[in-house]
Structure formats: C-alpha cells, structure tokens
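Colleague: Please take a close look at the empty space inside this model. I would like the volumes, the linings and the cut-offs behind each term.

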Amino acid sequence: MKKLVPKIILENYVKNNFHKRFEAYSLFIDISGFTEMTEKMMKEGKEGAEVFSHHLNDLFDKAVDIIYKNNGFVSIFEGDSFTALFKEKKCRITDLLNSANSISNLFKEEGELKTKFGIFRLKFNMGLSYGETQMHIIENKNQNSFYFEGESINKAATAEKHSPQNGIVFSKNLFEKFNCSINMKYRTINDNFFLIENIPVLEKTGTKIKNNREYKKTMKDFYPESIFNKKLKGEFRDVVTVFLTIEKTKKLKEHISSIIEKTHKYGGYFNNISLRNRKACLLIYFGTPTTNENIVQRASKLALEIHNLKKLNSKMGMSYGRVFTGLRGGEKRTDFTCLGTEINIAARLMQEAGKNDIFIDTNIYKNLKDSHQIKKISAQYLKGISKKVPIYNLISRRKDFNKNFFKNKFIGRKKQIRKLIETADPLKENKFGGIVYIEGTAGIGKTRLTYEFRKKLGNNIKWLYLPSNEIIRKSFNPFKSFLRSYFNQNENNSQKQNRTNFEEKINNLKQKIEEPEIKNELERSKSFLAALINIHKENSLYYKLKPEGRYKNTLYALKNLILAESLIHPVILYFEDSQWMDNDSISAIEHITRDVKNYPFLIISECRFKEDGEKFRFRLNNINKTVITLQKLSRERTANIVENILGSDISKEILSLIWKKSEGNPFYAEQIAKYLKENNLINKNKKNDNVAIQIPDKINTVIISRLDKLTEELKQIIQTASVLGREFYVNILSRMLKNENISKKIKEIEKRNIWSAINEIKYIFKHALIRETAYNMQLKERLRKIHKLAANTIESIYKKNPAKVYGDLGYHYEKAEEYEKAAKYIELEGNHAKDNYQNQKALNNYDKLLNNYNLSNNKRTEIMFKKGIILRFIGKVDKAKNTFKKIIESNDSNQLTKIKSIRLLGELL
Ligand SMILES: Nc1ncnc2c1ncn2[C@@H]1O[C@H](COP(=O)(O)OP(=O)(O)OP(=O)(O)O)[C@@H](O)[C@H]1O
Ligand SMILES: [Mg+2]
C-alpha cells in the first residue's frame with residue numbers, strides 16, 4: 001500500500017478526530033540549489049528530469065527511512081524539502097538529533113550524484129526545533145486533505161533559513177529542552193538560533209513504533225484512485241501547476257474545502273497543503289495523475305474563481321509544461337510529485353505575486369492571450385533560474401471572446417455545407433427541421449463546419465448554444481450552461497442582480513408571445529427554469545413539488561422556452577460535444593422534439609465518436625434526421641491548411657512531414673504547423689523532412705486524456721505495443737506481456753478506437769500520433785527495458801529465420817542502448833541487403849554504423865570496404881574512389897584490405 005498519508009492522520013480520521021494538538025520535535029530539510037540543478041538537467045531534454053528524479057529520490061528515500069527508524073514521521077513533502085515530526089510522547093530528543101546526524105552523514109557519503117549528464121553534488125540546509133504542533137483534517141466530499149502547523153514547524157523552517165550549506169541549525173527553545181543533558185558543540189548565530197558543530201553519537205530510544213495497521217480504505221478518502229492504481233514509476237505529462245497562498249483566518253478550513261471543491265469541478269488535482277507562519281500554501285495540478293482536454297483553460301477558470309473571492313487575498317503562480325510526474329518514496333512514506341523547471345517557476349511566480357495577483361508563465365500566456373485580459377509584468381530573474389523569466393498577470397476572461405471563432409481560411413467541405421443548408425429549409429416555412437448529427441473524430445472539423453454553416457445562414461436565425469462539458473456531466477448540464485447565458489447570469493453579480501436579470505428576460509419574452517397556451521406555460525415554467533440556474537424562491541411551484549414532479553415540469557419548462565423562442569424567430573439548438581451529454585439532457589431533447597411540427601427550429605448535435613467507437617444517437621421517432629460524418633482531408637486540402645499558417649512558399653518536405661504526422665486531421669495539421677513555426681524549425685531552403693518534433697501540447701493532451709480513461713492494464717498494453725511500432729504482431733506483444741488473455745484485451749482496445757486489426761495476427765494504431773504519444777509519455781528507463789524485451793522476444797521467435805528481422809533487432813537493441821548487439825544486427829541487415837541487391841538499404845546500414853558507432857579499426861575498414869564495393873557496383877565512381885582512398889590512407893586499416901582497395905581503386909582510375 002502506498003503510504004501517502006501519515007498514520008497519525010488516518011488514526012484520528014477513523015475516530016472522527018479532525019484536530020489534534022501535541023508537542024513535537026521537528027526537522028526541516030531542504031536541498032540547496034535544487035532549482036538550478038533541475039534547470040541544468042532539463043537542458044538535456046526531458047530525460048534530464050527523469051534521471052535527476054531517480055537519483056534524488058534514492059537519496060530522499062534513505063533520508064525518510066532514517067526519520068522512521070528514529071520514530072519520527074514525515075508530515076509533508078514540498079518539492080525538494082520535507083518536514084519531519086517526532087511526537088514528544090513517543091520520542092526523545094535523541095531521536096531528533098540522531099536523525100539529523102544520520103541524514104547529514106548520508107549527504108556526506110552519498111550526496112554526489114554521478115549521472116549520465118554529469119556529476120552533481122547535493123547539499124542541504126537543515127533546521128531543528130520543538131514546540132506545540134497541531135494536525136488538521138479537512139473534510140470534503142470530493143477529497144479530504146490535511147495539514148500540520150504550529151510553533152515546531154514554523155521554528156524549524158526559520159532555523160533552516162539560518163543554516164549554511166550542509167549545516168544544521170536549531171532554535172533556542174530546543175536548546176532549552178535539552179539544556180545540559182547532551183554534550184553538543186555549537187556556535188551562536190544570534191539570540192535565537194545556533195549552528196551545530198558536532199553531535200555526539202547518542203543512544204537510541206527503546207520504543208519502536210508499530211507500523212503494521214493498514215488504513216487502505218481510508219487513505220482513498222484523501223487521494224484519487226488513479227494515484228493508487230499507478231504501477232509505473234513515472235511518466236512525462238503536460239502539466240499546469242498552480243501554487244497559491246492564502247492567509248490563515250478563522251475560516252481557513254472552510255476556504256480550503258471550497259478550493260478543493262472548485263479544483264474538482266474543473267478537473268484538477270489537489271495535491272497538498274503546507275502551513276507556515278500564518279500562510280497556507282496549496283498545490284494543485286492539472287494534467288496529472290490523469291488529464292482532460294483544455295487544461296490551461298480549466299486551470300485559469302479555477303484561478304480566476306479563487307481570485308474573485310477577494311477576501312482570500314490569494315497569491316498565485318501558474319506554469320505549464322512537460323514534466324516528469326510520478327510517485328516517489330519507499331515503504332514508509334510515499335509522495336506524489338512532479339519535477340521540472342516549470343514546477344519551480346510556478347513556485348517562484350507565486351512568491352513574486354502580490355495580493356490577488358495570478359502570475360503566469362509564457363506557456364500559459366500563449367494559451368490564454370486571445371481569450372483573456374493579461375497584463376505584462378517585466379521579465380525578471382527568479383531565484384535559481386538562469387534566464388530572465390517573462391511574467392504576466394492574468395486579470396480576467398474577455399467577455400467578448402468567442403471560443404469558436406476561427407481565424408484561418410476554411411478549406412473544402414463544400415458538399416457538407418450544401419447538405420447543412422438544406423436541413424434548414426423547413427425553417428423558412430415555419431416548420432420543425434428535425435435533427436442533424438455532425439460527427440467524426442476529435443479535431444476533424446465538426447465545430448468549424450458548424451461555424452461556417454452559421455455564417456452562411458446569416459442573422460435571420462437565432463442560435464442557442466448548448467455545450468456539454470467533459471467534467472461536469474451533471475444533470476441538464478448543456479441546458480444549464482445555455483440558460484445562464486440566456487438569462488444574463490454572472491457569478492460576479494449579486495444574487496439580487498441575477499434574479500432581476502432573470503425576471504426581466506422572461507417577462508420580456510412573455511410580452512412578445514401571442515399564443516396563449518405558450519404564454520401561460522411560460523408563467524408556470526418560471527420557477528423550474530430559475531431552479532436550473534440556482535435561483536430559488538420559497539413557495540414557488542418548484543418548491544411545492546416532489547422530485548418526480550419537479551423533473552417532469554423541468555422538461556416541460558425547457559420545451560416551452562424553446563417553443564416560445566421559435567415563435568419569435570427560427571431557432572437552431574446547437575448542442576456541442578454531445579458525447580459528454582448527461583442522461584437528463586438526452587431525455588429533454590427526446591421530449592422537446594415530440595409533436596412540434598409547426599415550430600420552426602432545428603437541432604444540431606455535434607459529436608465525437610464515442611470512446612467505444614459507437615455513434616451517438618438520440619431515440620427519436622418520425623423526425624427528419626441528417627447525418628454528416630466528417631472524414632479526414634485530402635493531402636492537397638491538408639496542404640492548403642498548412643499554407644495558410646506557414647505561407648505558400650513552404651517546402652515540399654515540410655508539407656510531407658505534416659501530412660505524414662497529421663494524416664489529414666485539420667487540428668493536428670494546424671497544431672504541428674504552428675509548432676514548427678514557433679520553434680523556428682522551418683528552414684525553407686533546407687530539406688528537413690526528418691526534423692524531430694515533439695508532439696504539440698494540445699494534441700498530446702487530447703490523446704493522453706483518451707488513454708487516461710482506460711484501465712491501467714490496458715494503458716500499459718498500449719504503451720508496450722507502442723514500442724513495437726505503428727503496426728505490430730499480436731504474437732510478439734503477447735509473448736512480451738506474458739499474458740494469456742491478451743487477444744481479449746487487444747480487442748477491448750480495438751473497441752476503444754486506439755487500433756484496428758489488419759488481419760488476425762497484425763494490428764495497426766489508428767493514428768500515428770496515438771502511438772507516438774503513448775510511446776513518448778514513458779520514461780526512458782522503461783523504454784530501454786521494453787525495447788530490450790522486444791529484441792529478445794523477436795530474436796527467440798525468429799530463431800530459425802532471423803534474416804527477416806535483422807532490421808527490427810538492430811532498431812530495438814539500439815533503443816535499448818545495447819550497442820554491441822545493435823551493431824551486429826545493423827551489419828547483418830546491411831550484408832543481407834547487399835546479397836539481395838538492395839543496394840541503397842545496404843549503404844544506409846553501413847553508413848549508420850560508420851557514423852554513429854564506435855567500431856574497432858578492423859571492423860571500420862571492413863565496413864568501408866563493403867561500402868566501396870557497392871558504390872562501385874552501382875556506378876557511383878567518385879564516391880567509391882573516395883572510400884577506397886580513405887581506406888588506403890588510414891593508419892588503422894589492415895594490410896590485406898589496403899591491398900584489395902589499391903587494386904580496386906586502380907581499376908576505377
Ligand atoms: N475545413 C477546414 N478548413 C480549415 N481549417 C479547418 C477545417 N476543418 C477544421 N479546421 C481547423 O482545425 C481545427 C479543429 O477543428 P474543430 O475545432 O472544428 O474540430 P472538432 O471536430 O470540432 O474537434 P473536437 O472533437 O475536438 O471538438 C480548428 O482550428 C479548425 O479551424
Ligand atoms: Mg468541436
């Protein structure tokens with residue numbers, strides 16, 4: 001069981017004690033220069049964070065182990081630091097001092113990290129103290145949380161601030177505690193703090209704290225299931241980090257609980273709370289442990305909502321980027337953590353922020369600049385980060401911003417537009433138009449098509465916008481969202497103002513309606529519509545009814561409102577993202593479309609294919625139904641989209657690269673084009689078909705959010721398969737996974753539209769980017785292992801006929817970093833190609849060996865000689881001559897090859 005919550009919390013929680021006071025010794029340790037070190041490591045690419053975390057965690061685990069061996073426990077981890085407490089009732093001061101001493105020795109002995117990216121010397125600062133301590137549990141229906149506070153914690157942290165590198169500083173009150181009983185050498189820093197010069201080796205306390213009770217179930221009240229299910233050591237993910245501080249007031253617990261609530265509402269993950277010196281610091285992530293789409297938008301909504309609670313006086317720092325994320329820690333205590341420069345930036349931004357500021361980094365800024373009002377603050381040096389960091393202050397969402405506003409030129413889709421226009425024909429004759437389904441995969445252009453259709457129709461038709469939300473799948477969600485904007489409701493308005501806006505709008509509508517039945521119904525509907533937007537009036541009809549009556553009347557009310565609107569002007573009900581629609585809304589639509597022949601409205605349901613590949617349909621009878629299924633764009637059309645972004649003089653190679661990656665999905669094509677542009681990867685004169693590109697973050701999250709919805713087991717199967725390539729053989733995969741039931745699982749994944757069968761033994765990932773994303777999110781360490789496993793498996797399956805798989809073996813061994821074996825197979829592949837007159841293939845293999853591998857002198861000449869022979873054979877005389885010359889001139893070549901080369905060169909001259 002992963003021990004994410006200290007035992008003291010769980011013990012008290014099961015007894016319903018949410019608050020406890022005790023006296024404790026305290027230890028605060030912080031790794032110095034951590035931010036700088038992370039930054040240096042991350043310059044090596046994201047693998048830097050992985051390698052760094054691996055070494056760092058190793059040391060951290062040992063330090064934590066020391067704490068637990070000495071009867072203490074870790075109350076909180078904060079990035080590169082942690083706080084440990086030793087309850088006075090169960091521990092003696094010697095436990096604290098022994099811990100400090102052992103950790104200090106640990107750093108002396110093992111603080112030097114020898115990594116593949118260089119050697120790093122980890123140093124620490126430590127503070128020790130004593131005092132009153134409190135633990136608090138915050139109960140929340142989504143997720144509980146906890147924190148510790150008190151004199152012990154504050155003073156240990158302040159002591160740490162006074163400590164030099166690798167120093168241990170203790171506070172005056174701790175000194176008073178042991179007074180003369182321990183013969184310790186120390187130096188005075190000031191009246192309140194002392195630097196330890198030498199701790200004697202102290203006798204251990206006899207008590208051993210038992211640690212055998214499990215609180216498995218209760219632990220899950222504190223952390224999401226997905227964390228406990230994680231089997232892997234870590235992953236790479238695009239993460240939004242939100243650090244925020246609020247001041248401690250009497251209502252602190254209430255405020256934190258409300259922030260937890262809001263975090264869940266927007267699909268974020270509330271990680272932890274630390275409280276020191278009357279300030280609570282909360283850490284929230286979006287994008288991990290599981291992700292949703294549009295995390296930057298979600299996080300910004302949360303930030304602004306918290307910001308609007310001015311009484312909190314919050315200060316926030318927010319950043320976005322690809323980081324290492326995973327669990328760390330051993331048996332005694334585990335922690336969920338993210339590591340990367342971005343995380344450190346968010347923490348620093350929070351420190352820079354003033355009251356009610358939301359400081360954001362460049363990546364967040366880029367994502368929000370069109371939709372939000374943002375103020376640029378000057379670039380600043382932040383502690384530990386070498387470059388100046390541009391800082392922005394997020395002010396508010398722009399009211400005039402239309403999320404579905406598209407700037408780039410619309411390409412193709414003429415037939416679909418024509419079909420859509422036809423569907424609106426009945427509206428002209430004041431008739432009901434039925435339903436139109438616009439469907440297809442993510443990013444294929446459904447919203448864009450609807451947008452163009454709307455432009456074509458002009459202003460005579462009123463559009464009602466009813467979006468469904470991926471996270472909030474609550475009852476009547478798209479209708480609620482529509483009603484809020486229809487009745488001019490705003491969270492920042494007072495209740496009274498919202499109520500007035502509602503009344504005004506509905507009275508206004510009533511006045512315009514002549515049909516008595518509808519008019520009367522509107523009056524009856526009022527309290528039901530109001531309830532949907534949280535306007536409640538005692539004694540209203542809504543209040544008088546039981547739930548069933550309320551539900552039925554809500555359906556009538558919605559229908560009535562729409563019919564009323566359609567009597568004023570033709571209406572289109574535009575349901576966006578119906579794949580996320582709740583069941584009550586589905587029933588409402590079924591109700592709304594019954595017996596409405598003479599009301600001019602049309603329903604558009606825009607929908608992705610469902611996760612199981614099924615198509616989304618309402619149960620509607622006897623009404624017009626049109627289905628528009630969008631397919632991928634042609635190569636030429638995709639090129640048009642790219643040219644709109646990159647200009648028409650873009651090279652063929654770039655176009656071909658984008659075509660290969662996007663496979664005609666306009667969203668992918670757009671994102672990749674923008675990525676290339678932003679990262680200056682477009683060199684119009686140069687061939688850059690092979691530029692290595694990272695998958696743009698927006699594509700990455702769309703795909704990872706799909707993978708996150710699968711079970712951990714299926715996800716791991718997909719990740720393993722991704723190592724085998726876009727196409728893979730079932731027998732190889734199943735041997736690798738040692739799983740008998742694999743074909744059932746593979747079919748399950750097929751149903752989820754991740755891959756499809758080419759034939760009985762071979763499968764293909766539906767999209768190249770799904771494979772790439774699944775591959776890239778894995779740690780390098782794991783990838784090496786799986787590549788090795790793949791190589792071994794293929795080797796054994798093709799024992800009798802290895803020539804078929806030389807190429808695969810060379811590739812997998814290379815990725816596994818088993819270079820000797822890789823070289824062997826690359827050469828074999830080259831020879832095999834040569835024997836079969838596949839000359840270019842042979843040359844490619846030989847070149848790969850010569851350019852990328854450390855070969856022995858003999859081997860090098862041998863390969864060069866073979867290369868020369870092929871070049872001569874295919875008539876590349878100059879190149880052949882050069883190759884032979886090089887062999888002859890080289891001191892390393894053996895005599896026999898030299899003689900042969902001289903002869904062949906002579907023939908060519
Ligand atoms: N025919 C097109 N011409 C030009 N650009 C297009 C076209 N179709 C889609 N795009 C662009 O591709 C991007 C994705 O399109 P859109 O948002 O319509 O996809 P979607 O199918 O609604 O995806 P989702 O399921 O994620 O909502 C948009 O930026 C859009 O402008
Ligand atoms: Mg869409």
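Modeller: The domain bounds used here come from an automatic or database domain assignment. The model is predicted, with local features needing pLDDT of at least 70 and side-chain atom pairs pLDDT 80 or more, while totals for chains, interfaces and linings use all residues. Residues are numbered from 1 along each chain as its sequence is written, chains are lettered from A and ligands numbered from 1 in the order in which they are written, and side-chain values use heavy atoms, without hydrogens and water.

The chain has 909 residues, of which 55% are buried (under 20% relative accessible area with a 1.4 Å probe, protein chains only; over 50% is exposed, and in between is partly exposed). Its C-alpha trace spans about 105 × 90 × 55 Å along the principal axes. The chain contains 36 helices and 26 strands (DSSP runs numbered from the N terminus: H or I of at least four residues, E of at least two).

Start with the open space. A pocket is an open set of points on a 1 Å grid over the protein atoms alone, with protein on both sides within 12 Å along at least five of seven lines; a cavity is a set where a 1.4 Å probe fits but cannot get out, and lining residues have an atom within 4 Å of a point. The second largest pocket has about 1,300 Å³ of volume (the space filled by probe spheres set on the points, which are joined across faces, edges and corners). This pocket lies between domain 1 (1-222) and domain 2 (233-399), because both give residues to its lining. Of its 48 lining residues, Asp30, Glu78, Arg276, Arg348 and Gln351 lie nearest the centre. Helix 11 (residues 341-352) provides the largest share of that lining, six residues. By class the lining of this pocket has 19 polar, 16 nonpolar and 13 charged residues (Ala, Val, Leu, Ile, Met, Phe, Trp, Tyr, Cys and Pro are nonpolar; Asp, Glu, Lys and Arg are charged; the others, Gly among them, are polar).

Now the enclosed space. There are five cavities of 30 Å³ or more. The largest cavity holds about 160 Å³, and since domain 1 (1-222) and domain 2 (233-399) both contribute to its lining, it too lies between them. Its lining has 18 residues, with Ser75, Ile76, Phe77, Phe146 and Ile273 nearest the centre. At least two lining residues come from each of strand 2 (73-78), strand 7 (145-150), strand 12 (269-276) and strand 15 (334-339). Strand 12 gives the most, with five. The lining of the largest cavity comprises 10 nonpolar, five polar and three charged residues.

Phe146, one of the residues nearest the centre of the largest cavity, also belongs to an aromatic cluster with Tyr13, Phe18, Phe73, Phe148 and Phe222 (rings of Phe, Tyr and Trp, its six-membered ring, pair if their centres lie within 6.5 Å; planes under 30 degrees apart are stacked, over 60 edge-to-face, the rest tilted).

The second largest cavity holds about 50 Å³. It is lined by Lys46, Phe236, Arg322, Asn700, Ile704, Thr773, Asn776 and Met777. Helix 25 (697-708) and helix 29 (768-776) each contribute at least two of these residues. The lining splits into three nonpolar, three polar and two charged residues.
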